[in-house]
Amino acid sequence: MVVVDVHVSKGEFERFEASTKADGSITALVIGDWGRKGQYNQSLLATQMGKTAEKINIDFTISTGDNFYPGGLTDANDEAFYQSFYDIYNSPALNKMWYTVLGNHDYRGDALAQLSPILKARDNRWFCLKSFILNADIAEFFFIDTTPLQDKYFTDPEDQVYDWRGVLPRDKYISTLLQDLDVALRESHATWKIVAGHHTIKSASIHGNTQELVQKLLPILEANNVDIYINGHDHCLQHISSSDSPLQFITSGAGSKAWRGVYNWPNSKEMKFFYDGQGFVSMQINQHQIHINFYDIFGNVLHKWSASKPLFSTM
């Protein structure tokens, strides 16, 4: 593993300003679990993403992690960056910022390589930090590093080696992460609060609910009136509502290889949509409303959901 000289910030989340439309509204795509050098229909889906991005005029793309399979990048010079990203998402309409978090597969390589300014110099769309805030005035996006929260990567890594530079000591890292998120959410005055991480909180697919996130992260989201949690990790598209709060759980982890035929969710009223094929999600946000669409690989809209302030409603 080649060590990349990257400053790993500790303490408060870094805050960045998002590009928005003239009226302050935001349009974004959400994609996760994609980096397979064009295989498993990644290239075909990328083409459709470009068509949709042009049609709805996106401002940026959110990646929910597992950006490079099977084991992240070997270093900042890894050709997989071109083979799985630069050469794949080449539609002019996708030539907007990509705001990215790390997934567990990214931690199996040189995790800091994806944070390196070398990648930013090669493709100025690329923006990846472990945790940060993206401010768009009417909405704030809180990107969080969820991989260190899951115990099994530390207690039972099997034959995998994880790059925990900047994470150890783990307890302190997690405590700081959750405390900083809690403070940032409490201080936010945005109309819409959206948290993005790699791992599921709620899911009906292979990984299911991530208990560490249910126990440690979910109470913070609910206490701070977060509107949406978006994630990848499970290779599907799904929308789960909450019986305890207005919080919505959106999985967009179907960027390439999808997991067919796995579904387990006991509460049919909470499960609003589930699709075990490849696809992506769009978000259109203004001061009063948010609209979310789920697309398959052909650009068909499979599911729609919208909400307005102060009342939530489904379509």
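Which residues does Asn293 touch, not counting residues up to four places away in sequence? In this predicted model, the list is Phe280, Val281, Ser282, Val301, His303 and Lys304. Asn293 itself sits in strand S14, which runs over residues 289-296. With a relative accessible area of 14%, Asn293 counts as buried, because the cut-off for that label is under 20%.

**Helix H1 and what follows**

S14 turns up again around helix H1, since the buried residues of H1 pack against S14 along with S2, H2, strand S4 (97-100) and strand S13 (279-285). Those buried residues are Gln42, Leu45, Ala46, Gln48, Met49, Gly50, Thr52, Ala53 and Ile56. As for length, H1 has 15 residues, and at 1.5 Å a residue they should span 21 Å. The end C-alpha atoms of H1 are in fact 21 Å apart, so the expected span and the model agree. Right after H1 comes Asn57, with a positive phi near 60 degrees.

**Helix H5, side by side**

Now for helix H5 (170-187). Its 18 residues should span 26 Å at 1.5 Å a residue, and the end C-alpha atoms are 26 Å apart, which agrees. The buried set in H5 is made up of Arg170, Tyr173, Ile174, Leu177, Leu178, Asp180, Leu181, Ala184 and Leu185. Because they cover an arc of only 165 degrees around the axis, they end up on the same side of H5. Flip to the other side and you find Asp171, Lys172, Gln179, Arg186 and Glu187, which are exposed. What covers the buried residues? Strands S6 (132-135), S7 (139-143) and S8 (192-196) are included, and so are H4, helix H6 (211-216) and H7.

**Backbone oddities**

Two cis peptide bonds are worth a look. One joins Tyr69 and Pro70, with omega at about -5 degrees; Pro70 is in the loop between strand S3 (60-63) and helix H2 (80-86). Another goes from Leu168 to Pro169, with omega near 0 degrees. Pro169 belongs to the loop between helix H4 (152-155) and helix H5.

Then there are residues with a positive phi:

| Residue | Phi | Relative accessible area |
|---|---|---|
| Lys37 | about 55 degrees | 47% |
| Asn225 | near 55 degrees | 60% |

Neither Lys37 nor Asn225 is a glycine. Lys37 is found in the loop between strand S2 (26-31) and helix H1 (42-56), while Asn225 is in the loop between helix H7 (218-223) and strand S9 (228-231). Is Asn225 buried or exposed? At 60% it is exposed, since that label needs a value over 50%. Lys37, at 47%, is partly exposed instead.

**A pocket to look at**

Rolling a probe the size of a water molecule over the atoms shows where empty space is left. The second largest pocket comes out at a volume of about 260 Å³. Of the 20 residues that line this pocket, Asn104, His105, Arg108, Lys152 and His207 are the closest to its centre. How many of the lining residues are nonpolar, polar and charged? The lining of the second largest pocket divides into 6 nonpolar, 6 polar and 8 charged residues.

Note on methods:
Residues are numbered from 1 along each chain as its sequence is written. This is a predicted model: local features need pLDDT of at least 70, side-chain atom pairs count only at pLDDT 80 or more; totals for chains, interfaces and linings use all residues. Side-chain values use heavy atoms; hydrogens and water are left out. Helices (H or I, at least four residues) and strands (E, at least two) are DSSP runs, numbered from the N terminus. Buried means under 20% relative accessible area, exposed over 50%, partly exposed in between (1.4 Å probe, protein chains only). On a 1 Å grid over the protein atoms alone, a cavity is a set of points where a 1.4 Å probe fits but cannot get out, and a pocket is an open set with protein on both sides within 12 Å along at least five of seven lines; lining residues have an atom within 4 Å of a point. Grid points are joined across faces, edges and corners, and a volume is the space filled by probe spheres set on the points. Ala, Val, Leu, Ile, Met, Phe, Trp, Tyr, Cys and Pro count as nonpolar, Asp, Glu, Lys and Arg as charged, and the others, Gly among them, as polar. The expected span of a helix is 1.5 Å times one less than its number of residues. The arc is that of the directions from the helix axis to the C-beta atoms. Contact means heavy atoms within 4.5 Å.
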